[in-house]
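The paragraphs below are meant to be read with the coordinates open beside them, moving from one chain to the other and ending where the two meet.

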Amino acid sequence: MAKITFDGIEVEVEDGTTILQAARKIGGHVVPPAMCFYTPLKGSGGKCRVCLVKVTQGSTKDPRPMPKLVASCITQVQDGMVVENTTNEDVLNARKGIVEMLLINHPLDCPICDQAGECDLQDLSYEHGVSGQRFEEERRTFNKVDLGPYIQLHMTRCILCYRCVYTADQITDNRVHGVLGRGDAAEIGTYIENVIDNDFSGNVIDVCPVGALTDKTWRFKNRVWFTKPMDAHRDCPTCSGKVTLWTRGEEVLRVTARKDQYGEVEEFICNTCRFDKKEVKDWTIEGPRNIDRNSVISANHYELPVVNVPIVPNLPTSTKKNLPQE
Amino acid sequence: MGLKILTEHINVPGIETLEVYRKHGGYKSVEKALKTMSPEEVVEEVKTSGLRGRGGAGFPTGMKWSFLAKPEGIPRYLVCNADESEPGTFKDRWFMEHNPHALVEGMITSSYALGANKSYIYIRGELLFVLRILEKAIAEAYAAGLLGKNILGSGYDLDLHVAPGGGAYICGEETALLESLEGKRGNPRNKPPFPAVKGLFQSPTVVNNVETIASVPWIVNNTGAEYAKIGIGRSTGTKLISASGNINKPGVYEIELGVPVEEFIYSDQYCGGIWKGKQLKAVVPGGSSVPILPTNLILKTAAGEDRLMSYESLSDGGFVSGSMLGSGAFIVFDEDQCIVRNTWNYARFYHHESCGQCSPCREGTGWMEKVLHRIEYGHGHQQDIDLLVSVAKQIEGNTICPLGDAAAWPVAAAIRHFREEFEWHIKHPQEATAPGAVYRGQLAEVTA
C-alpha cells in the first residue's frame with residue numbers, strides 16, 4: 001500500500017496504482033480530466049496530456065520533486081508522494097494551454113454534432129478553456145469516412161486519443177483499424193476504407209471522447225439532452241446485454257453501453273444489442289439511469305426534483321411579474 | 001591539427017575493407033576486451049573515460065551502461081542509433097560511409113561489455129547506400145570470426161544486424177526507434193519504464209549514437225584515464241562536428257572538446273572563416289533543435305569569457321544566453337541570412353516530423369509553422385510574436401518525447417535574440433518580402 005497526498009488530501013492506494021486512479025478514489029473536483037486514458041483499455045493514456053499534474057515530492061525515500069509535469073494517468077504512485085493538481089498554477093496553466101491546442105483544429109461544430117451534450121472535449125473546454133480564439137489559420141479538415149453500415153468517422157473532429165485503436169485491437173479479434181500518417185495530418189483509418197466488421201466493433205463509438213465516431217442509426221435523430229437514459233437488459237448470447245437505452249416517448253433512439261461518471265464503459269456490448277434492438281419490447285427496463293457527469297444531460301436531469309428558483313433574479317419588477325410566481 | 005581518435009585513418013585508401021582496417025590497428029580492442037578483460041572492466045573503463053553520448057543529450061555513457069538492468073534469463077540488447085536526421089547533422093553518415101569497420105568494432109566491444117548477444121544498428125532509411133557498406137563490413141567480420149559464435153575463441157557469441165528505418169525523424173528518439181525496430185509505428189513510448197529496464201522486445205536495452213560506440217575501441221585500447229585527459233573539464237574526448245552554412249570550408253571536423261568557438265569558425269584548420277569575408281550573424285551550434293545564438297553570444301558567454309566547443313561552455317547561461325552542443329551540427333549564418341525565414345524553415349521541419357501522438361506537439365508545431373509562414377510572407381500582426389512565445393511555452397516540457405522541446409526551443413530563442421528582425425518583418429511587410437531582403441539593424445544585446 002502507498003500513501004499519497006493529492007491536493008492536500010491523503011489517500012491510501014495499492015502499489016502500482018496510477019496517480020489518476022488514486023485521485024479518482026478521492027473523487028470530486030480534484031480529479032484530473034482524462035481524454036485519452038481509458039481504464040478498460042490496456043496501454044491507453046499519456047497522449048492527450050490534459051491530466052498533467054505536478055509531483056512536488058517523489059516519495060518518502062527520494063523526496064526530490066519531478067522536474068517536469070507528469071501525465072497522471074500513466075505515472076505510478078510511490079509511498080509518500082505529494083501531488084498538486086488544482087492547487088498548482090503551473091498545472092492549470094499548462095492544462096489551459098493543452099485544451100487550447102486540442103481545440104485549434106477542432107471544427108467546433110457542436111450545434112450539429114451528435115456528441116454535443118455528452119462530449120468530453122466540450123466539458124473540458126467549459127472547465128479549462130479560454131473563451132477567446134488566438135488561432136486564425138485555416139483548420140485542417142478531412143472527408144467523412146464510412147466504416148461499414150453502422151459507424152461513421154468524422155476525422156475532422158478527432159483528437160487522436162487512440163482509444164478506438166486500442167478498442168479495435170483488444171476487444172475485436174482482427175486488427176483492421178489504426179492510425180495513418182503523422183503529425184496533424186495523422187488520421188484514424190482502416191486500410192483502404194475497409195469495413196470494420198466485427199461483433200464488438202460498435203464499441204469504438206462509446207469510447208470516442210468527441211463526435212468523431214458516431215452511430216449511423218442515431219445520427220441527427222435527436223439531441224442527447226432531449227432523450228431519457230434508461231438502464232435495461234436482455235438475454236444476449238454474445239455480450240452481457242446490460243445497456244443504457246436512450247428513449248424519447250416510446251421510441252428507443254439509441255443503445256449504448258453503461259458508462260460511469262468518467263465516461264468509461266462498465267461492460268462492452270455487442271453490435272446486435274447496439275444497432276438492431278431498437279424496440280422497447282426487446283428489453284427489460286430496470287429504471288432511469290442517473291448520469292453522474294458535468295454535462296447538460298445531468299444538469300437537466302429529469303428525475304431530480306425541480307427546485308423553484310427565479311430563473312432571472314435581477315430583472316426589473318415590471319418584467320418580473322410576467323414570470324411564474326414562487 | 002589536434003588529436004584524432006575517430007578519423008585518424010579515415011583517409012587511408014581501402015580503409016573500408018577488413019584487411020586495410022586491421023593493418024591500421026583495427027579490431028585490437030576486440031581482442032583486448034574479449035581475451036583479457038571482463039565485461040565489468042570494460043564498463044569501468046568507459047565510466048572513467050567520462051565519454052558522453054554524442055547523439056545530442058550528452059548523457060555520460062558509462063553511467064547509462066551501468067543502469068542496464070540484468071535480470072536472469074532475459075536477453076539484453078545494444079542498439080546503435082544511426083538514424084541521423086537532425087537538420088545540419090551529417091557526421092554519422094560520413095563516418096559510417098568511410099570507416100564502417102570502426103563502428104562494427106565498437107559494436108562488438110560494447111556488446112561484450114553489456115553482455116548482449118544480439119545487437120542492432122538502426123540506420124536511417126534514406127541512407128541505403130551506407131547500409132550496404134555496413135552489411136559488407138559485417139559480412140567480412142563474420143568471415144574473419146569477429147562476429148558469430150565463439151568470437152576469437154573467447155566463448156562470446158554476437159550477432160549484429162543492420163535494420164533500416166522508414167526515414168522518419170522521430171525514429172531517432174530512442175523509444176520510437178525501438179518501436180520501429182520491433183516493426184511497429186514509430187511512436188515514442190511513455191517513460192518510465194526506461195529502455196534500460198524495458199526496451200527492445202521488453203528486454204533491457206542500451207541505445208547509443210554511432211559516434212559514441214565508435215569511441216569505445218580507443219578507450220579500451222588506451223584506457224579510460226587516457227581518454228579523460230583529452231578535452232576540457234567534464235567534456236572529455238573528441239567530437240565530430242558537422243560544420244555547414246556560410247563558411248569557407250564546410251565539412252566534418254574532429255575536434256578536441258574545448259576548442260574556442262572563434263578559433264573553430266575563423267581558423268584555417270577548421271571552417272576557414274565566413275564565406276566571402278562577410279560578417280557573422282548567428283550560429284546554431286548543435287543542430288536545428290538547439291537555441292540559435294547571435295554573434296556576441298556565440299563568441300563570448302554573457303559573463304565575457306571565451307565560448308568553447310564543449311558541453312558546459314556552450315550551455316553556459318542556460319537558455320537566456322546559451323545554447324547546447326547537441327549533436328554537433330554547427331550551422332553558421334552570415335549577414336545576408338534571414339532569421340525569420342530560417343526559423344520558419346525549422347518550424348516547418350518539426351511540423352512535418354511530429355508523430356502526432358500527443359496533443360501539444362501535434363497541434364502546436366503546425367500552429368507555429370503557420371504563424372511563422374505568415375510573418376515571413378508579410379501577413380504578420382504585432383501580437384504574433386508574443387503568440388509564438390506563448391505557444392512554444394505551451395509545448396515545452398508537456399510532451400511525451402523531446403521532439404516537442406526541440407520544436408519549441410529554436411522558435412523561442414530566435415525571438416529572444418532577434419525580436420527586432422521579427423518586428424521589422426511585421427512592420428514593413430513590403431520591404432521584408434522583396435527578393436533578397438534582409439534586416440540589417442543592430443542585433444539585440446542580451447545580458448544574463
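Of the 326 residues in chain A, 40% are buried, a figure that, like every other one here, is computed from a predicted model. The secondary structure of chain A comes to eight helices and 14 strands. Among contacts in chain A between residues at least 6 apart in sequence, 63% join residues at least 24 apart.

A convenient place to begin in chain A is strand E3, residues 52–57, which pairs in the antiparallel sense with strand E4, residues 70–71, over two bridges. Within this pairing, Leu52(A) has Ala71(A) of E4(A) as its bridge partner. E3(A) is also joined to strand E5 of chain A, residues 82–84, by three bridges, and these two strands again run antiparallel. Here Lys54(A) of E3(A) is the residue that stands opposite Glu84(A) in E5(A). As background to such pairings, strands of a sheet pair through backbone hydrogen bonds, either parallel or antiparallel.

Further along the chain, helix H3 of chain A, which spans residues 120–128, has Asp120(A), Leu121(A), Gln122(A) and Leu124(A) as its buried residues. Part of what covers these buried residues of H3(A) is helix H2 of chain A, residues 89–104.

The next stop is strand E12 of chain A, residues 242–248, which is mostly covered, since five of its seven residues are buried. Which strands pair with E12(A)? One of them is strand E11 of chain A, residues 228–233, which pairs with E12(A) in the antiparallel sense over six bridges, and in this pairing Lys228(A) stands opposite Thr247(A) of E12(A). Another is strand E13 of chain A, residues 251–257, whose pairing with E12(A) is likewise antiparallel and likewise made over six bridges, with Thr244(A) standing opposite Thr256(A) in E13(A). E12(A) and E13(A) form a hairpin with two residues between them, and in its turn Gly249(A) has a positive phi of about 65°. When following side chains along strands such as these, it helps to recall that in a regular strand the side chains alternate between the two faces of the sheet.

Turning to chain B, consider how two of its helices pack. The axes of helix H6, residues 100–114, and helix H7, residues 128–143, both of chain B, come within 9 Å and cross at roughly 55°, and H6(B) and H7(B) are therefore oblique to each other. The crossing in which H6(B) passes H7(B) is right-handed. On the side of H6(B), the contact is made by Pro100(B), His101(B) and Val104(B), while H7(B) contributes Ile133(B), Leu134(B), Ala137(B), Ile138(B) and Ala141(B). Sorted by class, this contact of H6(B) with H7(B) has seven nonpolar residues, one polar residue and no charged residues.

Chain B also holds an open sheet of five strands, in the order E8-E7-E11-E9-E10 and with mixed pairing. Strand E8 (251–256) and strand E10 (293–294) of chain B stand at the edges with a single partner strand each, so one side of each is left without a neighbour in the sheet. The partnership of E8(B) with strand E7 of chain B, residues 238–245, is antiparallel and runs over six bridges, and within it Lys239(B) stands opposite Ile255(B) in E8(B).

The loop between E7 and E8 of chain B contains Pro250(B). Is Pro250(B) buried, exposed or partly exposed? Because it has 18 C-beta neighbours inside 10 Å, whereas a buried residue needs 20 or more and an exposed one has 12 or fewer, Pro250(B) counts as partly exposed. Leaving aside neighbours within four places in sequence, Pro250(B) is in contact with Ala243(B) and Ser244(B). The C-alpha atoms of Pro250(B) and Val332(B), residues that lie 82 apart along the chain, are separated by 9.7 Å.

What remains is the place where the two chains meet. There, 23 residues of chain B are in contact with 25 residues of chain A. On the side of chain B that touches chain A, helix H15 (339–353), helix H16 (359–376) and helix H17 (384–395) of chain B each supply at least two residues, and the largest share, nine residues, comes from H16(B). By class, that side of chain B has six nonpolar, 13 polar and four charged residues.

How values were computed
Residues are numbered from 1 along each chain as its sequence is written. Chains are lettered from A and ligands numbered from 1 in the order in which they are written. This is a predicted model: local features need pLDDT of at least 70, side-chain atom pairs count only at pLDDT 80 or more; totals for chains, interfaces and linings use all residues. Two strands pair if DSSP finds at least two bridges between them. Helices (H or I, at least four residues) and strands (E, at least two) are DSSP runs, numbered from the N terminus. Axes are lines fitted to C-alpha atoms, for helices over the stretch in contact, and angles run from 0 to 180 degrees between N-to-C directions. Angles under 35 degrees count as roughly parallel, over 145 as roughly antiparallel, 65 to 115 as roughly perpendicular and the rest as oblique. A crossing is left-handed if the near helix is turned anticlockwise from the far one by less than a right angle, and right-handed if clockwise. Two residues are in contact if their C-beta atoms, placed from the backbone, lie within 7 Å. Ala, Val, Leu, Ile, Met, Phe, Trp, Tyr, Cys and Pro count as nonpolar, Asp, Glu, Lys and Arg as charged, and the others, Gly among them, as polar.
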